Amino acid sequence: MRNDRVKELYRINERIRVPEVRLVGDNVTNGIYQIGKALQMAEDMELDLVEISPNAEPPVCRITEYQKFLYQQKKRQKEQKAKSVKIVVKEIRFGPQTDDHDYNFKLRHAKSFLEEGAKVKAYVFFKGRSILFKEQGEVLLLRFANDLEESAKVDQMPLLEGKRMTIMLSPKKSAAKSPSSKQQARPNTEKE
């Protein structure tokens, strides 16, 4: 069933219902042809006439083997998907009265996350009546952003959503290092 949808994605041969088309490709001279002439050329080469750009004026077609064309399209989409960047978001949770030691521990973790290139979502969770300390939570998050300002930029200022106050930080371009640069920066500690 999925294969049928892929086949219907492009019109081929007699399904192309326009008076003239623009032919492109390696095995033909590029230009505008009447649909009958283009179909005859494709039939003479024992290939298919495939409409690759239906919205152009006139529509753009290519003379090629249809199954091979579909395979190339799938391969191209797979390559684009592999090249796309996946954004990782790491969360750090605070309470409204987080102690300095816990704060520093979480700050170190946030720095390491930012160096890896991940975004950091820090939030203060208010339980029960602790919602009365909204100001403390905001001060804590602003202090957190201030302490990370050399390695991160603030995407979203502290915002209260229900019982959570969140702030979003993303790594600065110079702070995010590739794994290979980390290995090069490490001094050689082996003894000869």
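Which residues do ring pairs link into a cluster? Select F94, Y103 and F144: ring pairs link these three into a cluster. The tour comes back to them after a look at the whole chain. Keep in mind throughout that this is a predicted model.

**The whole chain**

Show the protein chain as a cartoon. Six helices and eight strands make up its secondary structure. Starting at the N terminus, the order of elements is α-β-β-α-β-β-α-β-α-β-α-β-β-α. The chain has 192 residues, and 31% of them count as buried.

Now switch on the surface. The accessible surface of the protein chain is about 13800 Å², and carbon and sulfur atoms account for 49% of it. For the contacts, take those between residues at least 6 apart in sequence: 58% of them join residues at least 24 apart.

**The aromatic pairs**

Next, colour the aromatic side chains. The count of aromatic pairs comes to four. One of them is Y10 with F69, an edge-to-face pair with 5.0 Å from centre to centre and 80° between the planes. Y10 sits in the loop between helix 1 (2–7) and strand 1 (20–24), while F69 belongs to helix 3 (residues 66–83), so the pair ties together parts that are 59 residues apart in sequence. Y10 and F69 are both buried.

Return to the cluster and select F94 and F144. Their ring centres are 5.2 Å apart and their planes stand at 70°, so this pair is edge-to-face. Follow the backbone from each ring: F94 is in strand 5 (residues 89–94) and F144 in helix 5 (residues 134–147), so the pair ties together parts that are 50 residues apart in sequence. Are F94 and F144 buried or exposed? Both are buried.

**P96 and its contacts**

From F94, move along the chain to P96, in the loop between strand 5 and helix 4. P96 counts as buried, at 13% relative accessibility. What is P96 in contact with, leaving aside its neighbours within four places in sequence? Select V124, F125, F126, S130, F133 and Q136 to see these contacts. Then add M165: from C-alpha to C-alpha, P96 and M165 are 9.8 Å apart in space, and they are 69 residues apart in sequence.

**The largest pocket**

Turn to the largest pocket, which holds about 150 Å³ of space. To show its lining, select V85, K86, I87, V88, K90, E116, G117, A118, K119 and P171. This lining divides into five nonpolar residues, one polar residue and four charged residues.

Within the lining, pick out E116, which is in helix 4 (residues 100–116). E116 counts as exposed, at 52% relative accessibility. Draw a distance from its C-alpha atom to that of P171: the separation is 8.7 Å, for two residues 55 apart along the chain.

**Backbone features in the loops**

The last stops concern the backbone. Most residues other than glycine have a negative phi, and most peptide bonds are trans. The next stops depart from this pattern.

Select E57 and P58. They are joined by a cis peptide bond, with omega at about -10°. P58 is in the loop between strand 3 (48–53) and strand 4 (60–64).

Next, go to N13, which is not a glycine but has a positive phi of about 45°. N13 is in the loop between helix 1 and strand 1. With a relative accessibility of 17%, N13 counts as buried.

E46 also has a positive phi, about 60°, and is not a glycine. Find E46 in the loop between helix 2 (35–44) and strand 3. How accessible is E46: buried or exposed? E46 is exposed, and its relative accessible area is 72%.

Finish at G25, in the loop between strand 1 and strand 2 (31–34). G25 counts as partly exposed, at 26% relative accessibility. Draw one more distance, from G25 to R62: the two are 37 residues apart in sequence, and their C-alpha atoms are 5.9 Å apart in space.

Key: Residues numbered from 1 in each chain as written. Heavy atoms only, no water. Helix = DSSP H or I, 4+ residues; strand = E, 2+ residues; numbered from the N terminus. Buried < 20%, exposed > 50% of the residue type's maximum accessible area, 1.4 Å probe, protein only. Contact = heavy atoms within 4.5 Å. Areas by Shrake-Rupley, 256 points an atom, 1.4 Å probe, with all protein chains shown as cover. 1 Å grid on protein atoms, 1.4 Å probe; cavity = no way out; pocket = protein on both sides within 12 Å on 5 of 7 lines; lining within 4 Å. Points joined across faces, edges and corners; volume = space filled by probe spheres on them. Nonpolar A, V, L, I, M, F, W, Y, C, P; charged D, E, K, R; others polar. Phe/Tyr/Trp six-rings, centres within 6.5 Å; stacked < 30°, edge-to-face > 60°.
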